[in-house]
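Me: I should like to learn how to read the features of a protein model. May we take them one at a time?

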Amino acid sequence: MRLLKIFIVFFNARRILREKKIQTVILHIFRSDWLELLFSFIFYKAGYKVCLIIHDIESLDTRKNSLTRKWILSRFHHYKVVHNAFSEQELKKIISREDTANLHVIPHGDFTEMIEQFKPQVNDISINPFDKSKVNLLFFGQIKKVKGLDLLLNAMPQIGTGFKLTVAGKERDDSITAYSELMDKLKKQGCSERINRHISDSERDYLFKNCDALILPYRHIYQSGVLLMAMSYGKTVVASDLPAFREIICHGSNGFLFQNGSSESLASVLSQLKLPLNPETGIAARAFVQENYNWNNIAGLYVSMLRQ
């Protein structure tokens, strides 16, 4: 059924392209699987200019597709786009020098305009996990081992009961099942809440607006839309000191960084968060993404690239 829906969307897209005489197709590459390869091949052979936005240089998903990834990165496109310098550096390690000629760095855009225009549906919000007497921490998104939720769970007992963690998102592997005992203990202490399902847009808006800080304990990442979303909401962000995060977060100014892989380092940073949180960090975060990741500038970069 999912495959059928994908092809229905694909053929609808082909129809719209023909009707509106559009000559350029932008494809987002996440899994580097055979479907992404097939669509880039079809559009390329049909005479369209094909631009690939490569989100993960090496798939962080549960599957590995090295052969199809190699073909996607080397064939059937005119432009490759990555979102930051770290992704560019990593991609250059696995493609030929000739294949770097059409490689461009264009940032992922911010979410401030989307947030300002969004009108939540109150009837669509069935959650209320926060405790106003505590510092409310949010872990948001699909749960995979690479996202380091275990580091955050192990940090929680080290910072006392003045914090409450909400974990919101669907599980993609057994990374949370392995820590069910610890999560149950934290829940009994009033320090944890679990929302194990798809989160609606209205619920996402509610969670981001009402949490005190978003936590990104990832072990590996190329770029993060969740980070830019949290900063667009003007929220305090605590993230591991990975290269992709260091390109955006200046520790102590527009967010906080901790040593990657260390629950002790994470606990040390979290323990510095006291109610009421200093609003200057969130204000600086929002100002940073508005200045450096606004869509007008990004659109200009795409136009310049496509005119080459």
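Me: How is the packing of two helices described, and which hand does the crossing of H1 and H2 have?

Reply: Two packed helices are described by the angle between their axes and the distance between those axes. Here the crossing of H1 and H2 is right-handed; a crossing has this hand if the near helix is turned clockwise from the far one by less than a right angle, and is left-handed if anticlockwise. Helix H1 (residues 2-20) and helix H2 (residues 34-45) pack at an angle of about 20°, with axes 13 Å apart. Axes are lines fitted to C-alpha atoms, for helices over the stretch in contact, and angles run from 0 to 180 degrees between N-to-C directions. H1 and H2 are therefore roughly parallel, a term for angles under 35 degrees. Among the contact residues (heavy atoms within 4.5 Å) are Phe7 and Phe10 of H1 and Trp34 and Phe39 of H2.

Me: On what do these values rest, and how are helices and strands assigned?

Reply: This is a predicted model, in which local features need pLDDT of at least 70 and side-chain atom pairs count only at pLDDT 80 or more, while totals for chains, interfaces and linings use all residues. Residues are numbered from 1 along each chain as its sequence is written, and side-chain values use heavy atoms, leaving out hydrogens and water. Helices (H or I, at least four residues) and strands (E, at least two) are DSSP runs, numbered from the N terminus.

Me: Where do the side chains of strand E6 point?

Reply: In a regular strand the side chains alternate between the two faces of the sheet. In E6, Phe163, Leu165 and Val167 point one way, and Lys164, Thr166 and Ala168 the other. Six of the six residues of E6 (163-168) are buried, meaning under 20% relative accessible area with a 1.4 Å probe, protein chains only.

Me: Which strands pair with E6?

Reply: Two strands pair if DSSP finds at least two bridges between them. Strand E5 (residues 135-140) runs parallel to E6 and is joined to it by six bridges, with leucine 137 partnered by leucine 165. E6 also pairs in the parallel sense with strand E7 (residues 192-195), over four bridges; there, valine 167 has arginine 194 as its partner.

Me: Is serine 192 of E7 buried or exposed?

Reply: Serine 192, found in strand E7, counts as buried because its relative accessibility is 2%. Leaving aside neighbours within four places in sequence, serine 192 is in contact with residues including Lys164 and Leu165.

Definitions and conventions. Buried means under 20% relative accessible area, exposed over 50%, partly exposed in between (1.4 Å probe, protein chains only). Angles under 35 degrees count as roughly parallel, over 145 as roughly antiparallel, 65 to 115 as roughly perpendicular and the rest as oblique.
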